[in-house]
Amino acid sequence: MPDAIETLKQWIQESGSIVFFGGAGVSTESGIPDFRSVDGLYNQKYSEPPEEIISHSYFVRWPEKFYRFYKEKMIYPDAKPNDCHLALAKLEQQGKLLAVLTQNIDGLHQKAGSKKVIELHGTTLKNYCMKCGKQFPVEYLLEQDGVPRCDKCGGIVKPDVVLYEESLHDGDMEEAVRLIRKAEMFIVGGTSLTVYPAAGLVEYYQGKKLVLINKSATSYDSYADLVIHDSIGKVFRQCVLQ
Ligand code: ZN
């Protein structure tokens, strides 16, 4: 076992209050592609970049096109938690993990059994009528062609996802910062730390065990106490599940 993995394993064993923050890389290992990654197929099918389609103004102006993209590229109801999700749920159960903070919107941490999860960008699993507030599961969206409508009042059903140009849900950021400041150890994984609010969050941590796990280098590598460039699922499997 390489030294860095051995060190992380030891730190996890010693720590009583870990906070984890995860980016898209956590979900890609469950087969959910980062919607920002533009492939050839995408280029042929959609004329605008994903950041534009998944924005509030685009949703208001072209709901049909928004939902075409959203249903095809952002919802993965059959995705399964990977070893990273499972390990974090286990650490919470052992009383070692305070919370999971995530930018992902797939609900996989809860599927793995995690209880305290702050979904900074919301979740595809919850949807609500913009007119009367009625809640709908993701299946309701998928069953309907085009723009999903409320079965009670006919209003548009909107995913509880934070779109570009929208602000984060009230209190989420404050709660995330509070938890990070309280953490003995802060593990950040599956993010290159370039997208808001990821980069900012790292700077709130005041402890001596900042761990970065990412396949490629990040601009915060020199700032961290431990850096591992590897698959996050593999790292957690070796440190927690084995
Ligand atoms: Zn309604």
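**Sheet, zinc site and Lys158**

Q: What order do the six strands of the open sheet take?
A: The order is β3-β2-β1-β7-β8-β9, and the pairing is parallel. Strands here are DSSP runs (E, at least two residues), numbered from the N terminus, and two strands pair if DSSP finds at least two bridges between them.

Q: Which are the edge strands?
A: They are β3 (117–119) and β9 (226–228), each of which pairs on one side only.

Q: Is this a model, and how are residues numbered?
A: The model is predicted: local features need pLDDT of at least 70, side-chain atom pairs count only at pLDDT 80 or more, and totals for chains, interfaces and linings use all residues. Residues are numbered from 1 along each chain as its sequence is written, and side-chain values use heavy atoms, with hydrogens and water left out.

Q: Which residues coordinate the zinc ion?
A: Cys129, Cys132, Cys150 and Cys153 do so through their SG atoms, at 2.3 to 2.4 Å. Donors are N, O and S atoms within 2.8 Å of the metal (3.2 Å for Na, K and Ca); water is not among the atoms, so sites may look incomplete.

Q: What spacing do the donors follow?
A: Along the chain it is C-x2-C-x17-C-x2-C.

Q: Changing topic, where is Lys158, and is it buried or exposed?
A: Lys158 is in strand β6 (residues 157–161). Lys158 is buried, with a relative accessible area of 5%; buried means under 20%, exposed over 50%, partly exposed in between (1.4 Å probe, protein chains only).

Methods: Helix = DSSP H or I, 4+ residues; strand = E, 2+ residues; numbered from the N terminus.
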